[in-house]
Amino acid sequence: LYTIINFIGEVVNFFSVHFISYTSSDCLECIEHITLHHDQLSDTVDHNGILQCNKVDPTTTTFTTGNRTEFMSQCTYLITSLIKQFRRERTRTYPSTIRLEDTISGQFGIGECAPLPQLSCDDIPQYEEVLAAHCRAVEKSGQIDYEALRDYPSMLFGLETAIAHLRAGSLRLWDTPFARGEEGITINGLIWMGKFEEMYQRIEEKLKAGFHCIKLKIGAIDFESEMQLLEHIRLHFTPQQIELRVDANGAFSPQDALDKLKRLSQYSLHSIEQPIRAGQWEVMGQLCASSPLPIALDEELIGVNRTADKERLLDTIRPQYIILKPSLHGGINGAEEWIRLAEERSIGYWITSALESNVGLNAIAQWCATLPLTMPQGLGTGMLFTDNIDYPLHIEGDRLWFNPKEQEPDFNTLR
């Protein structure tokens, strides 16, 4: 019986995540709605063009909450709750949107809060209540309390980007060549884990589409088959033609990790993400010091929210790269702190999206375009969705483009 319950739970969890990514403007309602007077947003404190602090006049704000009507969420939430009681696991949370509205002009800002089940440090059962409390705190104090939100990165990201949208008055959250439609952001092609034949076919499709950097998720099939796949790519494409990144998602054991890294290095890979599971700082530090293949940290950064802890992690592990997802790693404010600390230690970085809808993806891309980018970014997750809110975002070749001339979606359905 326990095996059957576990199996049903995994199926339900799969469809819960699947339908989280099914996001369209007519089936997603805002969960938090803050109404603002039109002239009560103060000037932002601007640092290198990045939003740092926002204030509203608490005497002129009102706050309401609305029920979420996300596609399939009621059904999956009910069934998952029952399964989790048997499996003694807590229930999952679902993405929410924040809406800031000017009561006079009707101008508003939308932000997305998208914690990932069993991965985000703020994936908590009482997510909606905590989010509502922080929205009320913004209403009362007139500003985002970054310290209070350090442990809730997806909530902070939603609030930051909702305010950025409100202030900008359009989806062009910052004035950059990307936002003006003059430049695209170079991205990597993402190949998910799967059978050898499936991964091979997906690689061929990415190459034909014009990608020059490909990231492969490894660890799903046996290591020797993955080595054959990499060998096949290198037989046909030089490192100058195709940059290869691999993501092990912690699949290697500490005992065999170094040997596998040495074997992988023969294929001139750019880097490997998270070769061993997170939380083994000393072991990961030894790998970074001895690996012939550059190592990038991803999951390792989740839940490391205090400045002192970030410094200790970077000083202990000394990775070659860190990978930043605002929804997981402290919102925009927290990601900027990671960047500053990494640059002080000559550690490289790049930005990626998680599984946000186009609401969150656009915000990440708009912010990413303000940074001095030197390598492909991980902003191609929008193609993974079965449906999405229609945004003026397009992938052409290996670049993500924003078209400011296209009509923006009707957000009134998010009321």
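Start by selecting F252 in this predicted model and show its surroundings. Leaving out residues up to four places away in sequence, F252 touches I218, F223, A257, K260, L261, L264, I272, P275 and I276. Color those partners so you can find them again, since several come back at later stops.

Now widen the view to the core around this residue. The largest nonpolar core has 75 residues, and F252 is among the members that touch the most others, together with L216, L264, I272 and I322. Which helix gives this core its largest share? Select residues 358-368: this is helix α11, and it supplies seven residues of the core.

There is another core to visit. Select I98, L131, I144 and I163, which are included in a second, separate core of 18 residues. Keep L131 highlighted for a later stop.

Next, go back to two of the partners of F252, namely F223 and L264. Select residues 223-236 for helix α6 and residues 257-264 for helix α7. Their axes come within 11 Å and cross at roughly 20 degrees. Are the two helices parallel or perpendicular to each other? An angle under 35 degrees counts as roughly parallel, so α6 and α7 are roughly parallel to each other. Their crossing is right-handed.

Show the side chains where these helices meet. From α6 come F223, E224, M227 and L230, and from α7 come K260, R263 and L264. Sorted by class, this contact has four nonpolar residues, three charged ones and no polar ones.

For the second helix pair, select residues 127-141 for α3 and residues 153-168 for α4. The axes of α3 and α4 come within 11 Å and cross at roughly 40 degrees. That angle makes α3 oblique to α4. The crossing of α3 past α4 is right-handed.

Which residues make the contact here? On the α3 side, pick Y127, V130, L131, H134, C135 and V138; on the α4 side, pick S154, M155 and L159. In this contact seven residues are nonpolar, two are polar and none is charged. L131, which you highlighted earlier as part of the second core, is one of the α3 residues in the contact.

Stay with α4 a moment longer and add E101, found in strand β5, residues 96-102. Draw a distance from the C-alpha of E101 to the C-alpha of L166: the two are 7.5 Å apart in space, although 65 residues separate them in sequence. Is E101 buried or exposed? Its relative accessibility is 11%, so E101 counts as buried.

Two loop residues make good backbone stops. Select Q118, in the loop between β6 (108-113) and α3. Q118 is not a glycine, yet its phi is positive, at about 60 degrees. With 56% relative accessibility, Q118 counts as exposed.

Then move to R318, in the loop between α9 (307-317) and β13 (321-324). R318 also is a residue other than glycine with a positive phi, here near 50 degrees. A relative accessible area of 43% makes R318 partly exposed.

Finally, zoom out and show the whole chain as a cartoon. You will find eleven helices and 16 strands. Of the 415 residues, 56% count as buried. Among contacts between residues at least 6 apart in sequence, 74% join residues at least 24 apart.

Note on methods: Residues are numbered from 1 along each chain as its sequence is written. This is a predicted model: local features need pLDDT of at least 70, side-chain atom pairs count only at pLDDT 80 or more; totals for chains, interfaces and linings use all residues. Side-chain values use heavy atoms; hydrogens and water are left out. Axes are lines fitted to C-alpha atoms, for helices over the stretch in contact, and angles run from 0 to 180 degrees between N-to-C directions. Helices (H or I, at least four residues) and strands (E, at least two) are DSSP runs, numbered from the N terminus. Angles under 35 degrees count as roughly parallel, over 145 as roughly antiparallel, 65 to 115 as roughly perpendicular and the rest as oblique. A crossing is left-handed if the near helix is turned anticlockwise from the far one by less than a right angle, and right-handed if clockwise. Contact means heavy atoms within 4.5 Å. Ala, Val, Leu, Ile, Met, Phe, Trp, Tyr, Cys and Pro count as nonpolar, Asp, Glu, Lys and Arg as charged, and the others, Gly among them, as polar. A nonpolar core is a set of buried Ala, Val, Leu, Ile, Met, Phe, Trp, Tyr and Cys residues joined through side-chain atoms within 4.5 Å. Buried means under 20% relative accessible area, exposed over 50%, partly exposed in between (1.4 Å probe, protein chains only).
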